[in-house]
Amino acid sequence: MSTTLERLLPIRRRLATARSAERAVAIPWYLYAVAIASTLVNVGIIWDISWHMTIGRDSFWTPAHLCTYLSALIVGVTCGYVALRTTFAGTAQERERSVSLWGFRAPLGAWICVWGSFAMLTSAPFDNWWHDAYGLDVQIISPPHTLLALGMISIVIGALVWTLAWQNRGTELANDPEARHRLHQLFAFAAGLLISMFAIYVTEYSYRGYQHGSQFYRVSAMAFPVVLVALSRASNMRWSATWAALCYMGVRIAMGWILPLFPATAKLGPIFNPMTHMAAMEFPLLLIGPAIAIDLLSRRLGKDASPGRDWITAPLFGLAFVVAFLVVQWPFADFLHSPLARNWFFFSDRNFTYNMRPQSLYMTYKYFIRSADPSAGAFAIGMLVAVVYASISARVGLAWGRWMSKVQR
Amino acid sequence: MTWSGATRMLKRLASTIAVAALAVVASAHVGSPNVFFVGKAGAYDVDVVVRPPQVVPGLAEITVRVPVAQGASVRRVIVRPVFWQTGTRGSPTGDVAKRLDAAEPTWGGKLWLMAGGSYSVYVTVDGTLGAGTASIPVAAVAMARLPLGRPLTIVLVLLGLFLVVGMASIVRAAASDGLVPPGQTESPATARRGRLAATIALPVLALAVLGGWKWWDSTARAYERTLYKPLGVKAWVNNSDTARTLTLSITDSGYLSGRVTRILPDHGKLMHLFLVREPELDVFAHLHPSMPDENTFQTALPTSLPAGTYRVYGDIVHESGFGQTLTAKVTLPELAASAVKTEESSGDDAWSIRGERGALVPPRSSVRLSDGTLLTWTSDGNPLVSGRETSLAFDVTDSAGKPVMLDPYLGMAAHAVVMRDDGSVFIHLHPMGTVSNAALQAFSLRERGDTTAKGRLVLGDTARATMPGMAMAQTSAFAIPYAFPKPGHYKLWVQVKRGDHILTGTFDADVAP
């Protein structure tokens with residue numbers, strides 16, 4: 001008996017040491033909680049899209065939906081607790097790190113998360129009615145889905161802003177390089193999840209079959225520079241947009257590897273393409289390319305430029321995005337259409353849904369005819385328009401990034 | 001401020017939707033979307049009701065009643081919707097229906113109808129008598145706009161208001177105290193900046209809400225264009241002093257350009273054409289036009305039909321198994337008195353010009369047919385109620401009260417037409433229910449691979465000519481499964497055949513809410 005206890009003692013001692021080490025790395029638990037919620041939001045929505053691609057039948061209780069509800073629940077409990085505690089029992093330090101809203105106090109990031117979970121809550125009855133009124137759609141872009149997406153994106157932005165407030169203050173962790181490193185990791189991960197949300201929202205315009213048409217680049221030019229430029233400027237981390245793009249690609253690749261491992265069959269007709277396993281969304285966009293370009297440019301131009309100068313640098317960021325994205329994504333689209341991508345690693349052969357026709361352009365690995373520009377001139381003009389969009393998007397990103405780099409609470 | 005405007009807009013939208021929902025023609029048949037089927041699934045008798053969804057894609061409800069003989073039992077009932085274009089190979093496996101009531105042999109389930117068009121619902125009964133399947137044609141079409149109810153409107157407006165004000169407050173905090181390092185106090189300038197940001201954010205958010213509302217509106221408009229409408233037709237009468245010819249010409253460009261599948265004979269007839277005189281609904285005719293070309297139906301009108309304005313309903317079935325009713329209106333001129341003959345049927349065509357009718361007052365109502373026999377509608381003693389499934393039971397007796405044997409009329413014991421007095425409901429029924437024989441046939445050919453996805457029958461004319469009616473034993477009584485879709489005053493015309501004559505009996509019925 002005593003010998004067993006003696007053998008257990010070193011384990012207890014090790015556990016205690018580990019706990020105190022954790023305490024030394026003073027990253028508060030709620031930053032992890034909202035990061036986990038942001039992850040669940042992403043996993044839930046990618047899983048749900050795969051569910052719609054494969055099984056089709058939708059109900060309130062699908063596991064993918066439960067995953068999303070769980071994220072809203074975690075956000076509600078965490079932020080609710082933090083707000084109540086800070087308001088009624090907060091230490092002076094905690095109160096100083098919070099902002100006041102309708103008489104309650106909590107960090108700004110927490111309020112953004114709360115808003116996100118309420119937006120998700122509102123979208124639920126709206127979306128339900130929408131399906132009853134206009135059909136059980138499998139559309140990603142509709143008014144109730146947009147509200148849902150705004151809610152989900154807000155949860156991710158809230159997690160990001162909360163993490164950034166800790167990073168920007170710097171005071172609490174000044175003497176703890178390990179914690180600062182951990183904070184950078186948290187930031188890069190949350191930022192990757194944010195890019196992922198933007199990428200999911202434009203899925204219907206970014207299938208590989210569209211990637212040789214200028215429309216795809218115009219849509220991407222609206223969606224991505226804003227977030228990449230903002231991330232690049234927001235953090236004191238080097239290569240922040242690049243790390244974030246890598247995290248986005250990592251999450252999507254992981255989902256693309258995991259989902260097709262699970263057997264599933266279609267439960268909705270008409271079935272034109274019999275399913276045996278869960279389908280995966282396409283291999284992620286190579287946003288790593290434009291992210292490197294933006295990070296390089298950002299370092300070259302300096303992160304603290306004045307708002308006036310931002311008007312001049314925004315077109316540079318816009319141009320850098322479009323050129324870098326075109327250079328990497330155009331040939332990669334060819335690769336994704338080739339037999340070399342039809343394997344577990346690039347999962348090009350696992351992107352088909354039950355209601356796709358086997359003879360369709362998509363299932364025969366061809367570009368969509370409707371996405372092709374009528375002439376080289378039309379393509380060139382389309383790409384110039386993309387640069388204009390990207391510049392506007394980048395200007396918004398610069399302003400957003402400037403604000404994020406200053407947020408303190 | 002802007003929000004009261006948004007609320008007003010939401011309200012206006014809700015009321016427009018509610019009106020639109022009322023005004024819509026609700027079915028491939030007129031105003032009677034539910035499908036009733038009485039028939040066989042292998043060795044079992046089945047009684048099936050399918051309630052299609054108002055929108056497609058949507059969920060249909062199905063109930064299956066399997067009354068089994070003593071000693072036999074049913075293990076399970078499987079329901080499975082099969083889309084015309086994909087057949088069984090392209091349809092998901094069926095679902096086991098739930099036993100609804102331990103005492104009643106009734107099962108229920110949901111059917112996911114994901115594409116607009118022609119479906120066949122396979123009902124498989126598995127039990128001590130083996131397994132058997134019945135297939136029931138169902139047309140999946142979007143039929144109405146769903147109104148946004150008041151409670152939901154209130155919830156959405158309140159939550160929306162909360163979100164807008166909440167976001168403006170977050171913007172204020174983000175532009176003011178969110179940027180103040182801990183330990184410092186907010187300066188008046190910072191506070192002002194926060195208020196300014198919130199003031200700018202509010203109209204921006206209002207604009208976003210307005211944009212969302214416009215988007216919603218355009219979706220609703222686009223959806224409205226997908227609502228089911230019967231094929232467009234033009235109807236006119238050519239007349240001389242001694243004869244009148246009715247022509248119906250399909251004007252729908254989708255049909256004319258071949259995008260809609262051709263027409264299949266049902267009970268051996270390409271169209272079952274019904275005429276009802278307005279406004280008293282006192283004259284009724286059931287005719288079978290010929291098709292001089294693929295877009296035109298033509299028939300000589302009985303000389304005894306009096307002049308007046310007539311509603312015209314033409315039931316057709318497409319090669320895809322999709323059945324629908326074409327509607328039009330024509331005015332019939334007077335004929336010379338010498339040309340008028342008095343008979344009430346000719347071949348398979350039959351009409352009724354006598355005002356005589358029976359009104360159903362439970363438990364029974366009788367009407368004398370033109371050959372002197374008595375057609376009696378018996379009820380279960382309960383008044384007719386809207387939405388309640390019932391069996392319209394009839395029998396025919398001679399003047400001594402003895403049962404009179406009927407001959408099959410177009411392969412059926414009887415044909416009946418139910419019409420609401422305002423014309424908002426019109427449906428052609430048989431003892432086997434609302435389903436058309438031709439649609440059943442089309443689906444069985446489709447399963448054998450005898451037709452293409454576009455619905456062309458590859459067997460050619462032989463297959464078209466040999467559409468058989470259901471084999472039936474002679475009887476003097478029959479029952480028709482149906483549920484009146486809404487309350488109101490209805491007219492029923494019931495047609496039976498004796499020898500060479502088709503006899504038509506007319507009934508009035510009041511359906512309670």
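Trainee: Why is B:Leu129 called partly exposed?

Mentor: Relative accessible area under 20% is called buried, over 50% exposed, and anything in between partly exposed (1.4 Å probe, protein chains only). B:Leu129 has 46% relative accessibility, so it counts as partly exposed. The structure is a predicted model, in which local features need pLDDT of at least 70, side-chain atom pairs count only at pLDDT 80 or more, and totals for chains, interfaces and linings use all residues. Residues are numbered from 1 along each chain as its sequence is written, chains are lettered from A and ligands numbered from 1 in the order in which they are written, and side-chain values use heavy atoms, with hydrogens and water left out.

Trainee: Where does B:Leu129 lie, and what is it in contact with?

Mentor: B:Leu129 belongs to the loop between strand E8 (117-127) and strand E9 (130-140) of chain B. Helices (H or I, at least four residues) and strands (E, at least two) are DSSP runs, numbered from the N terminus. With contact meaning heavy atoms within 4.5 Å, B:Leu129 meets B:Ala43, B:Tyr44 and B:Ala72, neighbours within four places in sequence being left aside.

Trainee: What makes A:Ser235 buried?

Mentor: Its relative accessible area is 2%, so A:Ser235 falls in the buried class. The residue sits in the loop between helix H8 (214-234) and helix H9 (240-258) of chain A. Not counting residues up to four places away in sequence, A:Ser235 touches residues including A:Leu164, A:His184 and A:Lys303. A polar atom of the A:Ser235 side chain lies 2.9 Å from the backbone nitrogen of A:Met237.

Trainee: Why does A:Cys79 form no disulfide with A:Cys113?

Mentor: A disulfide is a pair of cysteine sulfur atoms within 2.5 Å. The sulfur of A:Cys79 is 4.6 Å from that of A:Cys113, its closest cysteine sulfur, and is therefore too far for a bond. A:Cys79 is buried, at 1% relative accessibility.

Trainee: How far is the sulfur of A:Cys67 from the closest cysteine sulfur?

Mentor: The distance is 16 Å, again to A:Cys113, so A:Cys67 is too far for a bond. A:Cys67 counts as buried because its relative accessibility is 10%. Over all chains, the count by this rule is 0 disulfides.

Trainee: What makes the pair A:Arg57 and B:Asp95 a salt bridge?

Mentor: The term requires a side-chain nitrogen of Lys or Arg within 4 Å of a carboxyl oxygen of Asp or Glu. The closest N and O atoms of A:Arg57 and B:Asp95 are 2.6 Å apart, and the pair forms a salt bridge. Between chain B and chain A the count is 2 salt bridges.

Trainee: Which elements of chain B give two or more residues to the side that touches chain A?

Mentor: They are strand E3 (58-65), helix H2 (150-175) and helix H3 (188-225). H2(B) gives the most, with 13 residues.

Trainee: How many residues does the contact take from each chain, and what is the area buried between them?

Mentor: Chain B gives 48 residues and chain A gives 45 residues. Buried area is the accessible area (1.4 Å probe) that two parts lose on being put together, summed over both. Here it is about 4,100 Å², with carbon and sulfur atoms giving 73%. B:Trp112, B:Leu163 and B:Trp215 supply 16% of the area that chain B buries against chain A, more than any other three residues.

Conventions: A polar contact is a pair of N or O atoms within 3.5 Å; within protein, one must be able to donate a hydrogen and the other to accept it, and residues adjacent in sequence count only if both atoms are side-chain atoms.
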